[in-house]
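Q: Please take a close look at one part of this model: the place where the two chains meet. Walk me through it in short steps, and show how it fits into the rest.

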Amino acid sequence: MSVQRFDVEVTGVGWKDYSQDVQISTAPFIRGRQLRVFHSTRYSNLAALTWPDAYEAIVGFLVDTTLQNAAPLRPYLFYLISAVADRNALVAISFVRYNSYADYLSGVIAEYLGTAYGYGKAVFELVKGVAAQHGSVYSVLFGEYSGDVFNLHVTLHALIGGVEEIE
Amino acid sequence: MSEETEVKVEGQISVGNKQVKFERQKIRKRKLREGK
């Protein structure tokens, strides 16, 4: 997790004003009214890929106890997405949004929200978070490019609640 | 872009204290940054 830190400017004489010490972190502090969301999928023995081919899977949203494809009214705020392989091969992960499930079926991507590559693992942080838009469908594209059958662990971290207060 | 196929996975979503596990998921093949 990265933390950006900004130093406090000292003006005048006396105690530093720590209310001015701003930190931005991709691991937000969970407030009482917020819920932490963890989405984890382990894939095993997926057929080998050649770049730029990737597999795509819809990110499910949990509403009560039901998984649904479309983002619910109360937004999830996604902030960390990763793919981890079990060997040191090139890994890619991308997070995309479709306006609707029909658009997902026809493959019309509305927005690319981030892509990362890495050896062994690929991680990207959405520093300000991405709030899921009601009715949109979100998916991850992922791949491992060892040229062999592979295993991959894809995780997404998000928050529910408090998003309404952003801007 | 290929048709969706169902694969066996070890999946879970947890929201607060609630947790749901899933064992199957539909995936399909497509190109990264396709159309851009």
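**Where the chains meet**

A: In this predicted model, 27 residues of chain A are in contact with 23 residues of chain B. Four elements of chain A give two or more residues each to the side that touches chain B: strand 3 (35-46), strand 4 (53-58), strand 8 (90-98) and strand 9 (111-119). Strand 3 of chain A gives the most, with nine residues. Sorted by class, the side of chain A that touches chain B has 15 nonpolar residues, eight polar ones and four charged ones.

Start with the partner, chain B. Chain B has zero helices and two strands. Its C-alpha trace spans about 40 × 20 × 10 Å along the principal axes. Of the 36 residues in chain B, 17% are buried. The average pLDDT of chain B is 88, and 92% of the residues score at least 70. For the complex, the predictor gives an ipTM of 0.91 and a pTM of 0.82.

Now see how the chains join. Ten strands form an open sheet, and the order is 9(A)-8(A)-11(A)-4(A)-2(B)-1(B)-3(A)-12(A)-7(A)-10(A). Read that order slowly: strands 2 and 1 of chain B sit between strand 4 and strand 3 of chain A. The pairing in this sheet is antiparallel. Strand 9 and strand 10 (121-131) of chain A are the edge strands, and each pairs on one side only. On average, neighbouring strands of the sheet are turned by 20° against each other, with direction ignored.

Take the contact at strand 3 of chain A. Strand 3 of chain A and strand 1 (residues 5-15) of chain B run antiparallel and are joined by seven bridges. One pair to find is Val37(A), whose bridge partner in strand 1 of chain B is Val15(B).

Follow strand 1 of chain B to Thr5(B), which has its place in this strand. Thr5(B) is exposed, because 12 other C-beta atoms lie within 10 Å and a residue counts as exposed at 12 or fewer. Leaving out residues up to four places away in sequence, Thr5(B) touches Lys26(B), Ile27(B) and Arg28(B). Gln25(B) is 20 residues apart from Thr5(B) along the chain, yet their C-alpha atoms are separated by 8.2 Å.

Go back to strand 3 of chain A and look at its other neighbour. Strand 3 of chain A also pairs with strand 12 (residues 150-160) of chain A, in the antiparallel sense, over ten bridges. Here Leu46(A) has Phe150(A) as its bridge partner. Strand 12 of chain A is mostly covered, with eight of its eleven residues buried. Next in line comes strand 7 (residues 76-85) of chain A, which pairs with strand 12 of chain A in the antiparallel sense over nine bridges. Ser82(A) stands opposite Thr155(A) of strand 12.

Now cross to the other side of chain B, where strand 4 of chain A lies beside strand 2 of chain B in the sheet order. Four bridges join strand 4 of chain A to strand 11 of chain A, and these two run antiparallel. Ile58(A) has Ser139(A) in strand 11 as its bridge partner.

Strand 11 (residues 137-144) of chain A is worth a pause. It is mostly covered: eight of its eight residues are buried. In a regular strand the side chains alternate between the two faces of the sheet. Strand 11 of chain A shows two such sets: Val137(A), Ser139(A), Leu141(A) and Gly143(A) point one way, while Tyr138(A), Val140(A), Phe142(A) and Glu144(A) point the other way. All of these residues are buried.

Strand 8 of chain A comes next, and it pairs with strand 11 of chain A in the antiparallel sense over eight bridges. Phe95(A) stands opposite Val140(A) in strand 11. Strand 8 of chain A is also joined to strand 9 of chain A by eight bridges, again antiparallel. There, Leu90(A) stands opposite Tyr119(A).

Last, look at the core. The largest nonpolar core has 48 residues, and those touching the most other members are Tyr76(A), Phe78(A), Ile93(A), Val140(A), Phe142(A) and Ala158(A). Take Ile93(A) as a case. Leaving aside neighbours within four places in sequence, its contacts include Ala116(A), Val140(A), Phe142(A) and Val154(A).

Terms used
Residues are numbered from 1 along each chain as its sequence is written. Chains are lettered from A and ligands numbered from 1 in the order in which they are written. This is a predicted model: local features need pLDDT of at least 70, side-chain atom pairs count only at pLDDT 80 or more; totals for chains, interfaces and linings use all residues. Two residues are in contact if their C-beta atoms, placed from the backbone, lie within 7 Å. Ala, Val, Leu, Ile, Met, Phe, Trp, Tyr, Cys and Pro count as nonpolar, Asp, Glu, Lys and Arg as charged, and the others, Gly among them, as polar. Two strands pair if DSSP finds at least two bridges between them. A residue is buried if 20 or more other C-beta atoms lie within 10 Å of its own, exposed if 12 or fewer, and partly exposed in between; C-beta atoms are placed from the backbone. A nonpolar core is a set of buried Ala, Val, Leu, Ile, Met, Phe, Trp, Tyr and Cys residues joined through C-beta atoms within 7 Å. pLDDT is the predictor's confidence in each residue, from 0 to 100. Axes are lines fitted to C-alpha atoms, for helices over the stretch in contact, and angles run from 0 to 180 degrees between N-to-C directions.
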